[in-house]
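Here are a few short exercises to work through with the coordinates open. Try each task before reading its solution.

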Amino acid sequence: MTVMYCVHCGKGVADADHSRCAAPQSTLEPPRYCAQCARRMIVQVTPSGWTARCSRHGETTSRDDPAAAR
Amino acid sequence: MTAAPHQVESAAGEQGILAVAREQVLERGVGLSREQVLEVLRLPSGQLQDLLALAHEVRMRWCGPEVEVEGIVSVKTGGCPEDCHFCSQSGLFPTPVRAAWLDIPGLVKAARETAETGATEFCIVAAVRGPDTRLMSQVRDGIKAIREDGNDIEIACSLGMLTQEQVDELVAMGVHRYNHNLETARSNFPNVVTTHSWEERWDTLQMVKDAGMEVCCGGIVGMGETDEQRAEFAVQLAELEPHEVPMNFLIPQQGTPYEHLETIEGPDALRIVAAFRLAMPRTMLRFAGGRELTLGDLGAEQGMLGGINAIIVGNYLTNLGRPAQADLDMLNDLTMPIKALSDTI
């Protein structure tokens, strides 16, 4: 999957300032925007993980993202 | 004649408010007054370790060594009509959180995962002003399904402001504890929420208490409140006599009015934890959201040794926490036993 958009702010990864997205508190945030189309996703956080659903690109979970898995 | 606080010295060599607290809170179990809490909050940093040590002694004396472990889940996320300025789930602010409902199988799975950590408490939370018929039905069906799954974990709920009829319904469902945070001092509440009042929240808490449910009521620090207001909040909570006080530290949420607030410093957070313990010696004091950012791993340990005796493990409602196992390992390292389910029945 090509990451084109920041999952925290929804802006292009190459054409915006992402200093806030890289701040420590972002590690406490699940993805909110689809990395492929920047649509705002429906996110469900559970005690041990998260699920994020894009209406066009489907579902990703914390299991798909070991670095972010909780 | 009573000696002025600065003239008091304890057998442990403490002076001033710490000596007063040792005699009043540790020995007699009487919580600090508003003025005394303020004095604690203004202790110089050189006395922080002594303060934490005393708060830990108080916790051990009046609550014991056990730690209650809890998991929480949001059954209805986002789209809330209220304007709590700290909350990313308000539908009135341009936050990235979209509305979502957790289905029954998802709720059962979350409860099972929570129980597997050794937690004895599972709190079902909804971002609403108060529950409607659909939400009450979802909670009823969810609790039934959790029990049919063979899970006997204690179930708490946090569904906003309630009517008497809804309180009675929750009791009938077997909900043993209800969370409804006052969030901040009464004098600061209008700066934080304008769509309902502190008094409305207080009324729900009184109904819950009168119905025999355990009351869970805390708040968030770091929302621009003064030390005076933190002291005010501590004694207002003490007056309520809640079974549990969850302590959150503000995580500034994108799109909310508090997006640009700075998080409070770790030593200040620890000072507040200890001060709340000295105001409420017998109350369960729980580490909740924001500790990862405000205190980090080391600060969390200091908090556990500074008055805290309960903890939320795993993720929160919309934010992530650290892995549950990391907290369980911390409790093991601190030789603090996890409260068993049989102790809560």
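**Exercise 1: confidence**

What pLDDT does chain B average, and what share of the residues score at least 70?

Solution. Start by keeping in mind that this is a predicted model. Chain B comes out at an average pLDDT of 95, and 96% of the residues score at least 70. Next, look at the scores for the model: ipTM is 0.90 and pTM is 0.94.

**Exercise 2: the sheet in chain A**

Work out the strand layout of chain A, going from the element list to a single residue pair.

Solution. First, list the elements: chain A has three strands and zero helices, so reading from the N terminus just gives β-β-β. Second, put the strands together: they form an open sheet with the order 1-2-3 and antiparallel pairing. Strand 1 (42-46) and strand 3 (58-61) of chain A are the edges, each pairing on one side only. From one strand to the next, the twist averages 15°. Third, zoom in on one pairing: strand 1 of chain A runs antiparallel to strand 2 (residues 49-54) of chain A, and five bridges join them. Finally, pick a residue pair: Val45(A) sits opposite Trp50(A), which belongs to strand 2 of chain A.

**Exercise 3: is the globule rule any good here?**

Test the radius of gyration of chain A and of chain B against what a compact globule would have.

Solution. Take chain A: for 70 residues the rule suggests a value near 11 Å, and chain A has 12 Å, which agrees. Its C-alpha atoms fill a box of roughly 35 × 30 × 20 Å along the principal axes. Now chain B: with 345 residues the rule puts a compact globule near 20 Å, and chain B has 20 Å, so that agrees too. The C-alpha box of chain B is roughly 60 × 40 × 35 Å.

**Exercise 4: burial and contact range**

Put together a quick profile of burial and contact range for chain A and chain B.

Solution. Burial goes first: 36% of the 70 residues of chain A count as buried, while in chain B buried residues make up 54% of the 345. Then take contacts between residues at least 6 apart in sequence. In chain A, 22% of these join residues at least 24 apart; in chain B, 78% do. For the elements behind the chain B numbers, note 14 helices and 10 strands.

**Exercise 5: the interface**

How many residues does the contact take from chain A and from chain B?

Solution. Chain A gives 17 residues and chain B gives 24 residues. Sort the chain A side by type: nine nonpolar, four polar and four charged.

Notes. Residues are numbered from 1 along each chain as its sequence is written. Chains are lettered from A and ligands numbered from 1 in the order in which they are written. This is a predicted model: local features need pLDDT of at least 70, side-chain atom pairs count only at pLDDT 80 or more; totals for chains, interfaces and linings use all residues. The radius of gyration is taken over C-alpha atoms; the globule rule is 2.2 Å times the number of residues to the power 0.38. A residue is buried if 20 or more other C-beta atoms lie within 10 Å of its own, exposed if 12 or fewer, and partly exposed in between; C-beta atoms are placed from the backbone. Two residues are in contact if their C-beta atoms, placed from the backbone, lie within 7 Å. Two strands pair if DSSP finds at least two bridges between them. Helices (H or I, at least four residues) and strands (E, at least two) are DSSP runs, numbered from the N terminus. Axes are lines fitted to C-alpha atoms, for helices over the stretch in contact, and angles run from 0 to 180 degrees between N-to-C directions. pLDDT is the predictor's confidence in each residue, from 0 to 100. Ala, Val, Leu, Ile, Met, Phe, Trp, Tyr, Cys and Pro count as nonpolar, Asp, Glu, Lys and Arg as charged, and the others, Gly among them, as polar.
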